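Grab a pencil and let's work through a few exercises together. Try each task yourself before you read its solution.

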Amino acid sequence: MNQNSQRPATLPSLPAGFNVAAEFPITRNWTFFNHAGVAPISARAAVEIERFAHEARDDAYLSGRWYHKIEQVRKLAAQFIHAQPEELAFVKNTSEGIAFVANGLDWKFGDEIISTAVEYPSNVYPWMDVSHRHGVKHIMLPETDGRIDRQTILNAVTPRTRMIALSHVEYASGFRHDIAAIGQFCRSRGILLCIDGIQACGVLPVDVRTMHIDFLSADGHKWLLGPEGAGIFYCRRELLLSLRPEIGWMNVINASDYGQYDFTLRTDARRFECGSHNIPGVLALGASIGLLVEVGMSTVTQRVLALNAQLCEGLEQKGYMIVSSRRPEETSGIVSFQSRRHNHAGIISSLEKQKIIIVEREGRLRASPHFYQNADDISRLLAALPD
Ligand SMILES: Cc1ncc(COP(=O)(O)O)c(C=O)c1O
């Protein structure tokens, strides 16, 4: 281990009486380490979807509760990232929220967007499109040894820099940017900060206020343990009116006065919601966020980081090369590593036969455990990996 490595910490306990098998039935079938891909939904989320299915089948919308519940989830989700409910819109995925920013801002020829060359494509193509359509310069900074140094990002800033667009955690390396420091820098210079939050929300603390985030988008299907197709988009209150929304019937103040055609846009984040909600998706997302709040985000984070520290120690002992930064402040839910001896596809399929799931991303093996797993799960993975 080098001097920056993290020693495996003790695993903080789960709340008394927390029944892992009941809350996460997947544990009966799989040792699942791909929460950075598509995670299992929690049992509570599944209950919400089932309840919705039965209500929709038997009573349609007549219970009148669905939209009221959506507003409760909005409050909960906003609180979860330290935003106000008025700053939070539901989106169908991370890409949609990023597209709101890319398509909604008044870009000027010569504006510059700084990003990295290792973003998931949801945080690349929208900026390439802006660049082609508006003559904006899209700067993609390279990664070195699984890291993107903060100073490299700040050094790329010029008087034309309009936005920094980053994943809070990079999907293929697990590198965690110091968003609070970058955010402070951006705010002091009037540069916008747009965050792809899907690899952080639900596993690391995300505070849009103290991190000075202007826009954040995250679908619920990874660390938030919700289904695909229901996510959150945060827009800082002061910027709500500076994004031109996609227009439908629901973005206006009197949306239910169908025949009045009063085209007055809402002034809160619901101005971005152009039509009917993904009700089962949002309610399920709400149930999983509720679960994370109940467990406590600090317990969630500490458990995941401790599991990953155990994993890294074992990987090093077995001769694997760890790509993910092990500087404590740069760690995340993701551990990326490489075998010096074995073919990655072979490792993945042999693990799958043993009911253990990891994946490959960009030539690296990637493991991403969540809080409900334990040290035995990590030991099982380590034992199953070839020496
Ligand atoms: C960093 C990052 N952003 C976004 C996504 C997914 O985007 P969306 O929610 O639009 O499907 C992924 C999925 O792997 C990701 O790793």
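**Exercise 1. Find how far apart the two domains sit and how they meet.**

Step 1: The centres of domain 1 and domain 2, taken over C-alpha atoms, are 27 Å apart. Before going on, note that this is a predicted model, where local features need pLDDT of at least 70, side-chain atom pairs count only at pLDDT 80 or more, and totals for chains, interfaces and linings use all residues. Residues are numbered from 1 along each chain as its sequence is written.

Step 2: Get the bounds. Domain 1 is 20–42 + 296–384 and domain 2 is 46–294; such bounds come from an automatic or database domain assignment.

Step 3: Look at the contacts (C-beta atoms, placed from the backbone, within 7 Å). On the domain 1 side 26 residues take part, touching 27 residues of domain 2. Both α9 (297–317) and β10 (335–338) supply at least two residues of that domain 1 side, and α9 gives the largest share, 4 residues. Helices (H or I, at least four residues) and strands (E, at least two) are DSSP runs, numbered from the N terminus.

Step 4: Sort the domain 1 side by class: 10 nonpolar, 10 polar and 6 charged. Here Ala, Val, Leu, Ile, Met, Phe, Trp, Tyr, Cys and Pro are nonpolar, Asp, Glu, Lys and Arg are charged, and the others, Gly among them, are polar.

**Exercise 2. Locate the largest nonpolar core.**

Step 1: Know the term: a nonpolar core is a set of buried Ala, Val, Leu, Ile, Met, Phe, Trp, Tyr and Cys residues joined through C-beta atoms within 7 Å. Buried means 20 or more other C-beta atoms within 10 Å of a residue's own, with C-beta atoms placed from the backbone.

Step 2: The largest core has 102 residues, and Ile164, Cys194 and Tyr234 have the most contacts inside it. Both domains give residues to this core, so it lies between them.

Step 3: Zoom in on Ile164. Leaving out residues up to four places away in sequence, Ile164 touches Ile114, Ile153, Ile182, Cys186, Ile191 and Leu193.

**Exercise 3. Describe helix α4 and the ligand's surroundings.**

Step 1: In α4 (residues 94–104), the buried residues are Thr94, Ser95, Gly97, Ile98, Phe100, Val101 and Ala102.

Step 2: These pack against β2 (88–91), α5 (125–134), β6 (192–196), β7 (215–219) and β8 (231–235).

Step 3: Now the ligand. Residues around the ligand (C-beta atom, placed from the backbone, within 6 Å) include Thr94, Ser95, Tyr120 and Asp196. The shell has 3 nonpolar, 6 polar and 2 charged residues.

Methods
A residue is buried if 20 or more other C-beta atoms lie within 10 Å of its own, exposed if 12 or fewer, and partly exposed in between; C-beta atoms are placed from the backbone. Two residues are in contact if their C-beta atoms, placed from the backbone, lie within 7 Å.
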